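Hello,

Here is the structure you asked to have passed on. My notes on it follow below.

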Amino acid sequence: MIVFDSTALLLTGVVLLLSLLLWLYPRRSSRLPPGPGFALPLLGHLHLMGKDPRATFRNWRRQYGDIFSLYMGQQLTVVLNGHKVIKEALVKQADVFSDGADFGLVFLVTDEKGIAAASGAEWKTVRKASLEILRELGMGKNLLAEKIQEEVTEYIRTIASMDGQPFDMTHLTQISVSNNICSILYGKRFDYDDQVFKEYMKAMDANVAGLASLVVGLFPFVRHIPGDPFKTHDIVRCIRLLLDTFIQPIITRHIQELDGGSIPPDDFITAYLRRVRQDEADQKVSYITEKSLPMVILHLFTAGSETSATTLRWAVAYFLHHPDVQEKCHQEIRKVVGVDRRPTMQDRPEMTYLEATTTEVLRIAPVTPLSVPHATSCDVSFAGYTIPKGTMVIPNLYSVLHDPEVWEDPDTFRPERFIGPDGKLIRHDEFIPFSTGRRVCLGESLARMELFLYLAAMIQHFRFLPPENGQLPSLEGILGFTYTPKPFTFRAIPRQ
């Protein structure tokens, strides 16, 4: 008979627990960039991050320099700050710093990585094909601009129907802007009162808004915590809703039309499927597959819906705080366009002040201030440090766009900073709200086109005022995967 001593068992348990915690305790190599010292097992340095990582990173940059390291959970992470360092990594050493980070909860639904999370040959192939298809469909061309103008006309009509009463522009703007990418991806648009599509937009919001999304992305194990305090199951449900009930059925219909001899819409899905068929006919090993398509569509749909819609909301928020800027934009539109026709892309070169204002909104309130996480493809010697393969890399775009050495009074909204003495628009190398390098945003040209056409039409038709109580929107946003304004209402008063 074996007799267990309770004291020995307790000591053994303590030793095992301490050993486990010691094994889980993150250790920073002396060859790594410096960073905050005290890391917790499992959590790493997240307990030091505070409510706003941008402010924490700004303090750590002052303390440790332009390159510092920390542990996001068990994941070694290097943060790059300042234009020089980010350019050196993402542009000059792009081969090493262009892998996608294994980040988020999508892997609980599918093992496909789409565009944002893929790396190596898979990422290069899928991104190249996607960009080629988008260009074939008119990305950045006048034909697409005309389609966007049609959507803008409906958007303006809907705002006018508010009769100058206070309203929240969030969902209306999301659906309207989303219709532009939907026309490209699916060959169709959705009505603003389509309740089913509204549910899909809400599901998309759940995946990008709030710090809970960041937490569950970094710590997948939190889904096992009783009570689901981080709403992990809700986030996974939203991903499944988008993939399984919205995106996949549209793809299936396209496949059935192609296989049945029908003529499917002339859109991204059709063009992608034709490339799949061509590679199969050529017996070519390719990453362009039917299986990869849903995640490609999810990434393009989310990015194409979120960036412009959020920037338009930020623009209105800043217009409400700066009515003088709003009025200068209106005077420029009256001078260049008048009131009898819609602004077009041909007017854009003559609207320097509106372009400067849009650029300043993108600078002061970047939608992705910490960019999309990258990863190193191999061990790399960088700026005197050794960064291991598989390290998560965060390009801190906010550190560039709010760098006081580049921008005078960076926290002040001042469109004039982008206008030179000759009255022409100034192009700054440090203006990188869409990131830089090989993983620069695919939809930048679409976003800039949308922002010009929407804002020009909105300012031409309306004067933006706060509600009758005079409450102005907060200029402190909500940081999740994206940086969004807090909900606010305003009045759009038709101009005479």
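**Five-stranded sheet**

In this predicted model, five strands form an open sheet in the order S1-S2-S7-S4-S3, and the pairing is mixed. S1 and strand S3 (99-100) are at the edges with a single partner strand each, so one side of each has no neighbour in the sheet.

Starting from the S1 edge, strand S1 (residues 67-72) pairs with S2 in the antiparallel sense, over six bridges. Within that pair, Phe-68 has Val-79 of S2 as its bridge partner. The two strands make a hairpin with two residues between them, and Gly-73 there has a positive phi near 70 degrees.

Strand S2 (residues 75-81) is mostly covered, with six of its seven residues buried. S2 also runs parallel to strand S7 (residues 392-396), and five bridges join the two. One of the residues involved is Leu-80, whose bridge partner in S7 is Pro-395.

At the other edge, S3 is joined to strand S4 (residues 374-375) by two bridges, and the two run antiparallel. Gly-100 is placed opposite His-374 of S4.

**Strands S8 and S11**

Strand S8 (residues 462-465) and strand S11 (residues 491-494) run antiparallel and are joined by four bridges. In this pair, Arg-463 stands opposite Ile-493 of S11. The two faces of S8 differ in cover: Phe-462 and Phe-464 make up the covered face, while Arg-463 and Leu-465 make up the uncovered one.

**Loops and surface**

Which residues form the negative surface patch? They are Glu-408, Asp-409, Asp-411 and Glu-476. Of these, Glu-408 sits in the loop between helix H15 (397-401) and helix H16 (444-461). Glu-408 counts as exposed because its relative accessibility is 55%, and the cut-off for that class is over 50%.

Another loop, between helix H13 (323-336) and helix H14 (352-364), holds Pro-349. Pro-349 has a relative accessibility of 66%, so this residue counts as exposed too. How far apart are Pro-349 and Leu-425 in space? From C-alpha to C-alpha the distance is 9.3 Å, with 76 residues separating the two in sequence.

Regards

Notes: Residues are numbered from 1 along each chain as its sequence is written. This is a predicted model: local features need pLDDT of at least 70, side-chain atom pairs count only at pLDDT 80 or more; totals for chains, interfaces and linings use all residues. Side-chain values use heavy atoms; hydrogens and water are left out. Buried means under 20% relative accessible area, exposed over 50%, partly exposed in between (1.4 Å probe, protein chains only). Two strands pair if DSSP finds at least two bridges between them. Patches are made of residues with over 30% relative accessible area and no salt bridge: like charges are joined within 9 Å, nonpolar side chains (Val, Leu, Ile, Met, Phe, Trp, Tyr) within 5 Å. Accessible areas come from the Shrake-Rupley method with a 1.4 Å probe; for residues, only the protein chains shown count as cover. A salt bridge is a side-chain nitrogen of Lys or Arg within 4 Å of a carboxyl oxygen of Asp or Glu. Lys and Arg count as positive and Asp and Glu as negative; His and the chain ends are not counted. The place of a charge is taken as NZ of Lys, CZ of Arg, CG of Asp or CD of Glu.
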